[in-house]
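Here is a short tour of one model, starting with a helix and working outward. Keep the structure open beside the text and follow along.

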Amino acid sequence: MKAEKNIAVEGRHLVKDFNPGGTPTKVLKDVSLKVAQGEFAAIMGPSGSGKSTLLYILGGLDSPTSGSVLLNGTDISRFDDAKMSRIRRQKIGFVFQFYNLIPNLSVEENILLPLLLDGRKKQEYKKDLEHILEVVGLSHRRRHTPRELSGGQQQRVAIARALIGRPEILFADEPTGNLDTGTGAEIMELLREINRDSGQTILMVTHSPEAAESSSRIITVRDGVIC
Ligand SMILES: Nc1ncnc2c1ncn2[C@@H]1O[C@H](COP(=O)(O)OP(=O)(O)O)[C@@H](O)[C@H]1O
Ligand SMILES: [Mg+2]
């Protein structure tokens, strides 16, 4: 039998219930999916269908009510908080609609922050920093602070920060949701280049059909199920 292609992340029978005001709501109803290493997959679906919830559970930011998440074959869904935050720092990159940069830190300080918080030495990442600044096209803005940058440039910083630790997988939740169409297209082109040039696995939520066109597979979520 042929060996299964290497899977970066897999969700098995994921169920998620929320209990807002004591009323149980099933947000994910038995969702299973696999994302292969090197893939650039997009999750699409109507607002409120459970896309972000699914992404956060796969990325270890939230835990499922039942079901499991395998990151590179390791079941992380029962890890405790300490173990989970280590996995997140070392193996997972996240990019959100809002860039979540620290306003009074420079571009390069923002990019290095997760590594420093993880106890790693800045000097060891000099080359990686140069490289990632070049990839996102911000070498000339390295000493600027976020407020001196456009939205698209701030999102580039967030992408660099997510990638400098060489995550197994990059998760992105509506990364162009706060940008105008032209800038959004540039960010998509950047993600496509990163996927193509370094084989970075990417799983992205978007409701922009143009954005989804950059991906190699579209996963549709509707009312808590994949269809
Ligand atoms: N922390 C939470 N507590 C209660 N309900 C939540 C929570 N997070 C999400 N939900 C609900 O789950 C549903 C799906 O949300 P979400 O995954 O954010 O959808 P999408 O990203 O597809 O717009 C929504 O009805 C939302 O209100
Ligand atoms: Mg969402």
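In helix α1, the buried residues are Lys51, Thr53, Leu54, Leu55, Ile57 and Leu58. That is six of its eight residues, so the helix is mostly covered. Bear in mind that this is a predicted model. Just after the helix comes glycine 60, with a positive phi near 75 degrees.

**The ligand**

Helix α1 also matters for ligand 1's surroundings: with three residues, α1 gives the largest share of the shell. The shell as a whole is made up of Phe18, Val27, Pro46, Ser47, Gly48, Ser49, Gly50, Lys51, Ser52 and Thr53. Sorted by class, that gives three nonpolar, six polar and one charged residues.

Which side chains put a polar atom close to an oxygen atom of ligand 1, and at what distance? Here are three of them, lysine 51, serine 52 and threonine 53.

| Side chain | Partner | Distance |
|---|---|---|
| Lysine 51, polar atom | oxygen atom of ligand 1 | 2.8 Å |
| Serine 52, polar atom | oxygen atom of ligand 1 | 2.9 Å |
| Threonine 53, N or O atom | oxygen atom of ligand 1 | 2.5 Å |

As for cover, ligand 1 taken alone exposes 560 Å², and the protein buries 56% of that.

**The aromatic groups**

Now for the rings. The count of aromatic pairs comes to four. In one of them, tyrosine 56 meets phenylalanine 94: the ring centres are 6.1 Å apart and the planes sit at 65 degrees, so this pair is edge-to-face. Tyrosine 56 belongs to helix α1 (residues 51-58) and phenylalanine 94 to strand β6 (residues 92-95), so the pair ties together parts that are 38 residues apart in sequence.

Are these two rings buried or exposed? Tyrosine 56 is partly exposed, at a relative accessible area of 25%, while phenylalanine 94 is buried, at 13%. The cut-off for buried is under 20% relative accessible area, so phenylalanine 94 falls inside it and tyrosine 56 does not.

Phenylalanine 94 also pairs with phenylalanine 96, and that pair is stacked, with 5.2 Å from centre to centre and 5 degrees between the planes. Phenylalanine 96 itself is partly exposed, with 24% relative accessibility. Put together, Tyr56, Phe94, Phe96 and Phe171 make up one aromatic cluster.

Another ring has a charge for company: lysine 83 lies over the face of phenylalanine 79, 4.4 Å from the ring centre.

**Some backbone oddities**

Most residues other than glycine have a negative phi, and most peptide bonds are trans. What, then, is phi at aspartate 30? It is a positive value, near 65 degrees. Aspartate 30 is part of strand β2 (residues 25-36), and with 46% relative accessibility it is partly exposed.

Glutamate 174 is another non-glycine residue with a positive phi, near 50 degrees. Glutamate 174 sits in the loop between β7 and α6 (181-198). Its relative accessible area is 13%, so it counts as buried.

**One last loop**

Where is glutamate 168? It is in the loop between α5 (151-163) and β7 (169-173), and it is partly exposed at 29% relative accessibility. Although glutamate 168 and glutamine 90 are 78 residues apart in sequence, their C-alpha atoms are 8.5 Å apart in space.

Note on methods:
Residues numbered from 1 in each chain as written. Chains lettered and ligands numbered in written order. Predicted model: local features only at pLDDT ≥ 70, side-chain atom pairs only at ≥ 80, totals over all residues. Heavy atoms only, no water. Phe/Tyr/Trp six-rings, centres within 6.5 Å; stacked < 30°, edge-to-face > 60°. Helix = DSSP H or I, 4+ residues; strand = E, 2+ residues; numbered from the N terminus. Buried < 20%, exposed > 50% of the residue type's maximum accessible area, 1.4 Å probe, protein only. Lys NZ or Arg CZ within 6 Å of the ring centre and 35° of its normal. Near = heavy atom within 4 Å. Polar contact = N/O pair within 3.5 Å; in protein donor to acceptor, adjacent residues only side chain to side chain. Areas by Shrake-Rupley, 256 points an atom, 1.4 Å probe, with all protein chains shown as cover. Nonpolar A, V, L, I, M, F, W, Y, C, P; charged D, E, K, R; others polar.
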